[in-house]
Each structure stands twice: as C-alpha cells, then as structure tokens.
Amino acid sequence: MRERDPRLSVLLSARAALRVLPILAMGPAGVEPVLSHSALRAIAAAFRAAAITESLAYSKERDDRRRNAADRVSAELVNASRVAHQGAREGEAAAFACFANAALTAAKADRRAYRTAGGACENAVLSLVVYRLNPGDLWKQLTLDCAFVDSGTKIDQLVATPLWNEQVPLWVAPAWNSLRSRLPSDQNWDVWTSWYDRRLDGRHNSIPYESTWVDIPNEVWTPENGWLAANAWIAGELSNVPGAGVDLPSEAALPEQEHAASRFTITGDGLIDLVPDPPTEAGRDEIEQSEHYEEARGKLIELHELGFNLLGEIARPVGKLVDAMPVDRSQASIVRLWHRANSLRKLLDASNQAAVARRDKIDPDPDPAVLPLTVERTLRDFIDSYNIFIVGDEKGRELDRKRLGPGQRQRDEEALAIFEPVVKALQSDPGVATMAATEAIKEQMDQAKAAPASLAGDQDIALARDTSSNWLIAAVRRVRKTLIEESRVAWKGMREGAYRAAGAAVLAAGGLKLLEFVADNATNLKAFSDQALANPAIHQVIDAVVKIFSR
C-alpha cells in the first residue's frame with residue numbers, strides 16, 4: 001500500500017469502517033443498551049466520518065475544507081473510543097477507533113496514509129473479534145477491494161459497488177436493523193439510515209446530493225447543537241439538491257454502444273456527435289485493402305458516369321455512395337459506406353428477381369425494377385469489387401453478419417416507429433446533437449422503413465436499431481454524468497426555470513439542454529429502450545430526469 005495512490009488507503013479505511021458500522025453500540029450478546037446523548041453524538045460522528053472519508057476517496061482534487069472536517073471528527077471519535085474503553089465496552093471502543101483512523105486517513109491522504117488505514121482495518125477486525133463475529137469476512141472483502149483495483153477498476157468506480165461483494169455475513173442484517181430501530185424516530189435519523197442502505201447496495205447518487213452529508217457547516221456541527229441540528233440541516237438541504245429521492249445506476253450498469261453501427265460521443269460544446277469510423281487498418285494486408293478500395297471506387301465512378309438518362313431512379317443512391325467513398329480511404333466512414341452500398345445491393349437483387357420473373361413469365365409485363373443491361377453489368381462489377389473490400393474490413397464484416405432472429409424484424413420495426421418522433425424532435429432542436437449525428441440516424445431510419453423482405457432489408461433494420469440504441473446510450477450516459485456533477489446553483493436555477501433564459505451554447509455545454517430533451521421525450525425513449533435494449537438502468541436515469549423536471 002505504501003507505493004499506491006493514497007486515495008486507495010482512504011477508500012479501504014472508509015469501507016472497513018462502513019462494514020462494521022452496524023455493530024456500533026451493540027453491547028454484550030443479547031443486550032441492546034439504551035442510546036444515551038453521548039452515544040447518539042458518537043454514532044452521528046461515525047456516520048459523518050464515513051461520509052467524509054468516502055468523499056475524499058473518490059475526489060481527485062485536494063479539498064482542505066473536507067480534510068479539516070475529517071480531522072475534527074476524528075478527534076471526536078478518539079474521545080468516543082476512550083469513553084467506551086473506560087466503560088469496558090471494548091467492542092464499541094474498537095469500532096469508534098476504526099472510524100477515527102478512517103477519518104484521520106482522509107485528513108492526511110498522503111503517502112503515509114497506509115499507516116492509519118492499517119489502523120482502521122485492524123480496529124475493525126478487533127471490534128468483530130470482541131463481539132465474537134468472524135473477522136475473516138472483513139479481510140476477504142478488503143482483499144477483494146484491492147483485487148478490483150488491481151484488475152483495472154477505478155477507485156471512484158469501486159466506491160459505487162456493494163460493501164459486501166459476495167455473500168453478506170449473517171450478522172449484518174440483524175445488527176443493522178437493531179441499531180436503526182434504536183435511533184429516535186423524531187430526530188431525522190432517516191437521513192443517515194437511508195444513506196447507509198445505499199452503501200450496502202452500492203448505490204450512489206449525484207455528487208451534489210451525496211455532498212449534503214459531507215459538507216455540514218461548522219456552525220451547525222457544534223457540541224452545543226449536536227446531531228439534532230446536523231440531521232435537521234441535512235433533511236432541509238435535500239429538498240434543494242438535484243437527484244433527491246432518486247437513485248442513479250452505476251456507470252457499469254449501463255450498456256456499451258454496439259460496435260457494428262454508428263457510434264456517438266459528446267463534443268466539448270455538449271452536443272451528441274458521430275464518432276469517426278474510418279476503415280480499419282489491415283496490417284500486412286493494408287496495401288491490398290487500399291487496392292481493393294481504389295478498384296471498387298473506380299468502378300463506382302464508372303457507374304456514376306453512365307449519367308441520369310441510363311441510371312434513372314438509381315442515380316441518387318449512386319451519387320450518395322460516391323460521396324461516401326472519397327479518394328482518401330482514411331476519410332471514409334465505414335458504416336455510411338456500407339449502408340449506402342447496401343442500398344445498391346438491394347437494387348441489384350430486386351433487378352435480378354424481376355428479370356427472373358419476366359423470363360419465367362410469372363410477370364410478363366415490363367418491370368421498372370429491371371435495370372438496363374449496361375447499368376446492371378456495371379453495378380454488378382462494382383458490387384463484386386466492393387464485396388471483396390468490405391469483407392477485408394473488421395467492422396464491414398460485422399455489418400455483413402447482421403441477422404434478425406424469428407420475430408425480431410417485427411419487434412425492431414415497432415421499436416424504430418417508436419423512435420421516429422425522437423428523430424423528428426432532434427431535427428427541430430439543434431442544441432442537442434450535431435447535424436451529422438442527426439442525419440446519420442435519419443438516413444438509416446428512412447432506409448429501414450423502406451426495407452424489403454430480404455437479408456439486405458433485415459440488415460438495414462438491424463443497423464438502424466443499433467445506431468438508434470447507440471444514440472440513446474450516449475445520451476443517457478451524458479445525462480447521468482450531468483446529474484452527478486452539476487452544481488447546486490445551476491440546478492436551482494434550472495428547476496426555477498431560469499435556465500431557459502441562458503444561451504443555447506451554455507445550456508448544451510452544461511448538459512442541461514439534453515436533460516430537457518430527455519424529459520420531453522421520456523415516454524418514447526423508455527418505450528424504445530424496452531423494445532431494443534431492455535436495460536432497467538436506462539429507465540432509471542430517464543425517470544430521474546423526469547422526476548427532477550416535474551418539481
């Protein structure tokens with residue numbers, strides 16, 4: 001631990017303290033002592049120490065104000081431990097010492113933090129031993145915490161995981177229920193018990209919301225006012241904080257964007273934008289891929305140069321594909337290229353089927369779907385060359401492999417019909433997404449609506465579904481981030497309607513414009529999610545936005 005990020009020591013000490021919190025004031029076996037004024041004060045200090053310590057674990061910035069608060073509450077807990085020791089309540093003394101060490105670790109948070117963190121863990125174990133509870137459960141969880149970080153889990157992500165990652169020890173629920181039942185019901189202790197319930201489950205809310213338990217003013221947290229004033233202050237503040245009464249899922253609970261579709265990111269201006277997706281580099285076959293691309297592009301140009309008189313109705317899709325195949329292959333979008341080429345595949349397939357029907361006299365009348373011989377041959381030459389190129393591209397192969405299972409086409413068509421009003425809303429609201437992002441979704445949606453009953457048609461529907469899903473995932477992730485990070489001042493102004501007078505660029509950059517869009521389109525977004533993604537975490541984020549805007 002000596003060489004690790006000091007925040008890991010802070011986090012481990014916080015989680016050690018949180019795990020033994022239910023045994024505060026447990027008393028001898030079978031005895032539930034009456035909680036005195038001093039005991040309640042000490043328990044409140046323990047809660048606050050855990051909250052401050054945890055906040056400093058996931059904070060990447062130095063916060064001297066919170067460090068000073070941690071130092072002061074640590075001193076209170078040292079005194080509480082001393083009083084418990086004098087009363088021969090050794091389990092209680094060890095538990096309070098654990099919280100004191102945890103708060104001191106947060107107050108220092110330097111390369112020596114591992115020492116006080118070790119003291120917190122040792123006292124946590126000692127408190128369990130005194131009460132004849134298995135300390136091995138605690139050591140196992142601390143080991144798992146370290147393993148998560150070693151495997152690549154970020155410290156702030158570990159904060160949002162359940163306290164007990166495997167089976168919860170049998171003593172936890174009865175001990176916690178006992179402590180909670182003995183906290184006076186008329187003293188706002190529910191602000192702390194609900195806070196701890198979320199820790200048990202690994203649920204966290206917005207940073208402004210969680211900060212309410214941490215940033216209690218010094219003039220409120222005093223020996224004279226005690227926990228009564230602090231608890232009342234927290235209860236009052238929660239009504240003015242974003243996310244009050246809603247729980248946000250962890251980032252890991254939200255789905256990742258589908259690779260074989262258009263993908264989206266957030267610009268510095270806060271708009272949802274397309275992620276560039278040039279053809280993938282082919283390693284040793286790079287030269288060969290470049291030659292296949294140039295050959296396919298050359299044949300596409302030959303097709304385009306046949307002119308409108310010969311091409312007729314396919315002139316427009318051919319022209320759009322030319323735009324998607326620039327001379328510089330690295331400037332192409334593989335999804336756009338594949339999508340537009342797929343439309344020509346469908347036209348060639350429709351021409352072949354119509355020609356066969358005429359030949360077999362199934363339909364002897366002339367069919368406009370039958371392409372002129374010169375056009376048909378030139379288009380076929382292009383498709384043959386294009387197929388060789390696309391199969392050599394990683395994402396191109398993924399796109400070609402898209403398939404719909406039994407009954408999937410109808411479900412996806414219903415999902416896209418639900419999402420269509422969202423796309424129309426995007427077109428009329430430039431403060432949410434870039435024009436390129438909106439046009440990509442619109443183009444794929446339009447092609448999916450006209451998709452024939454064929455493999456190529458199924459692929460168009462699957463692509464439109466996945467791209468629309470990716471947009472929603474990007475939007476929900478951005479919304480979650482805004483809910484967590486937005487300042488209280490901005491939220492207060494937003495909820496009072498003052499945000500509507502701000503400039504569009506300011507709203508977009510802060511993510512507030514997207515929140516308004518999600519709130520306005522919540523019904524369709526949730527219905528689409530049910531059809532296409534079936535992810536409850538997406539519902540949870542959207543419901544949080546709706547709840548905030550409905551106030």
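**Figure 1. Asp197 and its salt bridge to Arg180 in the predicted model.** Asp197 is partly exposed, with a relative accessibility of 23%. Its partner Arg180 also counts as partly exposed, at a relative accessible area of 29%. In the salt bridge between Arg180 and Asp197, the closest N and O atoms are 2.8 Å apart. Arg180 belongs to helix H8 (residues 172-181) and Asp197 to helix H9 (residues 190-201), so the pair ties together parts that are 17 residues apart in sequence.

**Figure 2. The salt bridge between Asp215 and Arg65.** The structure holds 28 salt bridges. In the one formed by Asp215 and Arg65, the closest N and O atoms lie 3.1 Å apart. Asp215 is in the loop between helix H10 (207-211) and helix H11 (226-238), while Arg65 is in helix H3 (residues 64-86), so this pair ties together parts 150 residues apart in sequence.

**Figure 3. The salt bridge between Arg340 and Glu443.** The closest N and O atoms of Arg340 and Glu443 are 2.8 Å apart. The pair links distant parts of the chain, with Arg340 in helix H15 (residues 334-359) and Glu443 in helix H19 (residues 435-449), 103 residues apart. Both Arg340 and Glu443 are buried.

**Figure 4. Arg198 in a salt-bridge network and over a ring.** A network of salt bridges links Arg198 with Glu54, Arg199 and Glu210. The charged end of Arg198 sits over the ring of Trp213, 5.1 Å from the ring centre.

**Figure 5. Trp164 with Trp171 and Arg19.** The model has a count of 13 aromatic pairs. One of them is formed by Trp164 and Trp171, which meet edge-to-face, with 6.1 Å centre to centre and 90° between the planes. Trp164 is buried, at a relative accessible area of 5%, and Trp171 is buried as well, at 11%. The charged end of Arg19 sits over the ring of Trp164, 5.7 Å from its centre.

**Figure 6. A cluster of aromatic rings.** Ring pairs join Phe47 and Tyr196 with Trp176, Trp189, Trp192, Trp195 and Trp227 in a cluster.

**Figure 7. A nonpolar surface patch that includes Val129.** Leu126, Val129 and Val130 make a nonpolar patch of about 220 Å² on the surface. Val129 lies in helix H5 (residues 113-130). Val129 counts as partly exposed, with 44% relative accessibility. Residues qualify for a patch at over 30% relative accessible area, a cut-off that Val129 passes at 44%.

Terms used. Residues numbered from 1 in each chain as written. Predicted model: local features only at pLDDT ≥ 70, side-chain atom pairs only at ≥ 80, totals over all residues. Heavy atoms only, no water. Phe/Tyr/Trp six-rings, centres within 6.5 Å; stacked < 30°, edge-to-face > 60°. Buried < 20%, exposed > 50% of the residue type's maximum accessible area, 1.4 Å probe, protein only. Lys NZ or Arg CZ within 6 Å of the ring centre and 35° of its normal. Patch = residues over 30% accessible without salt bridge, like charges linked within 9 Å, V, L, I, M, F, W, Y side chains within 5 Å. Areas by Shrake-Rupley, 256 points an atom, 1.4 Å probe, with all protein chains shown as cover. Salt bridge = Lys/Arg side-chain N within 4 Å of Asp/Glu carboxyl O. Helix = DSSP H or I, 4+ residues; strand = E, 2+ residues; numbered from the N terminus.
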